[in-house]
Amino acid sequence: MNIKPLGDRVLVKPAAAEEKTVGGIIIPDSAKEKPLKGEVVAVGNGTKDEEMIVKAGDNVLYGKYAGTEIELDGEQYLIMRQSDILAII
């Protein structure tokens, strides 16, 4: 993959949604809860007002509606601003 986020943006690979069953009922993909954590794949250089704290390889928590979903090489990713990240875990 050859992508470099610009400014204070971060490319995150979301963690896989957990497979849960309720009383033997399999929950379809459309009803699964969207994961709120993932791994940072690439980071931008930051801006003059905001230095980059996260780095590639960090596991992070982010808000439910954070980022824009994109697909690269058949994989799903989120691109978001560093300020949308809530914590490094």
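**From Asp8 into the sheet**

Asp8 sits in the segment just before strand E1, which covers residues 9–14. The model is a predicted one.

Is Asp8 buried or exposed? Its relative accessible area is 7%. Buried means under 20%, so Asp8 counts as buried. Which residue does its side chain meet in a polar contact? The partner is the side chain of Arg81, at 2.7 Å. Arg81 belongs to strand E7, residues 75–81. Look further along the chain, beyond the neighbours within four places in sequence. There Asp8 is in contact with Gly46, Thr47, Glu50 and Met52. Met80, Arg81 and Gln82 are contacts of Asp8 too.

Now turn to the sheet. Six strands make up an open sheet, and their pairing is antiparallel. Read across it, and the order is E6-E7-E1-E4-E5-E8. Strands E6 (68–72) and E8 (85–88) stand at the edges. Each has a single partner strand, so one side of each is left without a neighbour in the sheet. From one strand to the next, the twist averages 45°.

Start at the E6 edge. E6 pairs with E7 over five bridges, in the antiparallel sense. Thr68 has Ile79 in E7 as its bridge partner. The two strands E6 and E7 form a hairpin, with two residues between them. Asp73 lies in that turn and has a positive phi of about 50°.

Next, look at E4 and E5. Strand E4 spans residues 37–43, and strand E5 spans residues 59–62. They pair in the antiparallel sense over three bridges. Here Glu39 stands opposite Asn59 in E5.

Methods: Residues numbered from 1 in each chain as written. Predicted model: local features only at pLDDT ≥ 70, side-chain atom pairs only at ≥ 80, totals over all residues. Heavy atoms only, no water. Pairing = 2+ DSSP bridges. Helix = DSSP H or I, 4+ residues; strand = E, 2+ residues; numbered from the N terminus. Axes fitted to C-alpha atoms, helices over the stretch in contact; angles between N-to-C directions. Buried < 20%, exposed > 50% of the residue type's maximum accessible area, 1.4 Å probe, protein only. Polar contact = N/O pair within 3.5 Å; in protein donor to acceptor, adjacent residues only side chain to side chain. Contact = heavy atoms within 4.5 Å.
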